[in-house]
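The following exercises invite the reader to examine the structure shown below. Each task is followed by a solution that proceeds step by step.

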Amino acid sequence: MRSLFILAIMIFVNGCSQKKPDRKSYDNFVFVEGGTFINTKSNLFGKNAKISDFYIGKYEITQKEWAAVMGDNPSKFKGDNLPVETVSWYDCVVYCNKRSEKENLRPYYVIDKTKKDIKNKNTLDDVKWAVTINPQSNGYRLPTEAEWEYAAGGGQKSKSYKYSGGNDINKIAWFWQNAGKKALAGVWSWSAIEKNDTKSKPVGIKEANELGIYDMSGNVREWCEDWFEDAQTTTGISRVWRGGGWMGGDFCCESSFRGNHQANGNGADQGLRLCRNK
């Protein structure tokens with residue numbers, strides 16, 4: 001009897017000593033129940049597109065989170081709780097993998113810097129790393145464009161808002177007219193933006209959307225995993241970004257708006273939000 005008790009203690013201690021995934025990573029993530037698009041303003045409404053369950057970041061990745069993993073801060077506007085920006089698509093997939101490793105998760109991306117991606121047709125992209133994925137990974141990743149639009153539009157709780165969380169842009173988004181010292185009006189003007197000290201804002205200040213996710217409209221543009229493709233643009237030229245940003249127009253903040261940029265591009269309004277598989 002005594003030997004069985006000792007054996008049970010040994011099994012318990014051994015189990016506790018094994019490395020386990022850091023569950024704190026779920027603290028700032030929102031569970032998104034999958035399904036079809038019920039937001040009537042979505043590009044995928046009525047097209048039988050179906051999304052599986054997943055987790056998405058409640059906030060855009062902050063500079064504090066970025067620096068803790070990468071050891072640097074490339075952002076133009078500095079502040080721990082400001083969204084990280086001036087990051088390329090390549091920077092973001094590296095961050096996803098490094099953070100996964102740091103938290104004892106299996107990295108989602110397989111990044112081969114010695115090979116060129118033969119699908120990448122952009123002549124201005126001088127990086128072109130070959131990047132593939134581990135679909136069964138439990139690590140961090142960028143959202144697909146469909147996942148991003150589904151979450152921004154409220155998922156199964158959608159009220160078919162124009163922007164992510166409402167129809168009044170000033171309540172839910174930072175964009176060129178309200179992200180400076182004073183409110184601007186009229187036609188978009190870079191000169192007016194510069195003179196108004198317009199810039200990114202701390203995450204989570206504006207109202208959340210139906211799922212409790214912040215800043216999916218405005219603040220900084222968010223990279224998605226996919227190649228951009230439409231009637232005028234063939235795949236392999238640029239990667240998708242969504243959500244608009246502090247220097248962009250109101251139309252860019254609409255949940256249905258699709259933007260794109262070359263994968264090695266960056267800017268003071270270009271950031272990211274993370275996802276994880278269920």
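**Exercise 1: The buried face of a helix**

In α2, the buried residues are Gln63, Trp66 and Val69. The model under study is a predicted one. Determine how these buried residues are arranged about the axis of α2.

*Solution.* Step 1: look down the axis of α2; its buried residues fall within an arc of 135°. Step 2: because they are confined to that arc, they line one face of the helix. Step 3: consider the cover; α3 is included in what covers the buried residues of α2. Step 4: follow the chain just past α2, where glycine 71 takes a positive phi of about 80°.

**Exercise 2: The span and surroundings of α3**

Check whether the span of helix α3 (residues 89-102) agrees with its number of residues, and state which elements its buried residues pack against.

*Solution.* Step 1: at 1.5 Å a residue, the 14 residues of α3 should span 20 Å. Step 2: the end C-alpha atoms of α3 are 20 Å apart, which agrees with that expectation. Step 3: turn to burial; 10 of the 14 residues of α3 are buried, and the helix is thus mostly covered. Among them are Trp89, Tyr90, Cys92 and Arg99. Step 4: the buried residues of α3 pack against β1 (29-32), α2 (63-70), β5 (109-116), β6 (129-133), β7 (221-227) and β8 (239-242).

**Exercise 3: Two residues with positive phi**

Decide whether asparagine 104 is buried, partly exposed or exposed, and do the same for lysine 128.

*Solution.* Step 1: locate asparagine 104 in the loop between α3 and β5. Although not a glycine, asparagine 104 has a positive phi of about 60°. Step 2: its relative accessible area is 36%, so asparagine 104 is partly exposed. Step 3: locate lysine 128 in the loop between β5 and β6. Lysine 128, also a residue other than glycine, has a positive phi near 55°. Step 4: the relative accessible area of lysine 128 is 19%, so this residue is buried; the cut-off for burial is under 20%.

**Exercise 4: The order of a sheet**

Which strands stand at the edges of the open sheet of 4 strands?

*Solution.* Step 1: write down the order, β9-β8-β7-β10, with mixed pairing. Step 2: β9 (259-261) and β10 (270-271) stand at the edges; each has a single partner strand, so one side of each is left without a neighbour in the sheet. Step 3: inspect one pair; β7 and β10 pair in the parallel sense over 2 bridges. Step 4: glutamine 270 in β10 is the bridge partner of arginine 221.

Key
Residues numbered from 1 in each chain as written. Predicted model: local features only at pLDDT ≥ 70, side-chain atom pairs only at ≥ 80, totals over all residues. Heavy atoms only, no water. Expected span 1.5 Å × (residues − 1). Buried < 20%, exposed > 50% of the residue type's maximum accessible area, 1.4 Å probe, protein only. Contact = heavy atoms within 4.5 Å. Pairing = 2+ DSSP bridges. Arc of directions from axis to C-beta.
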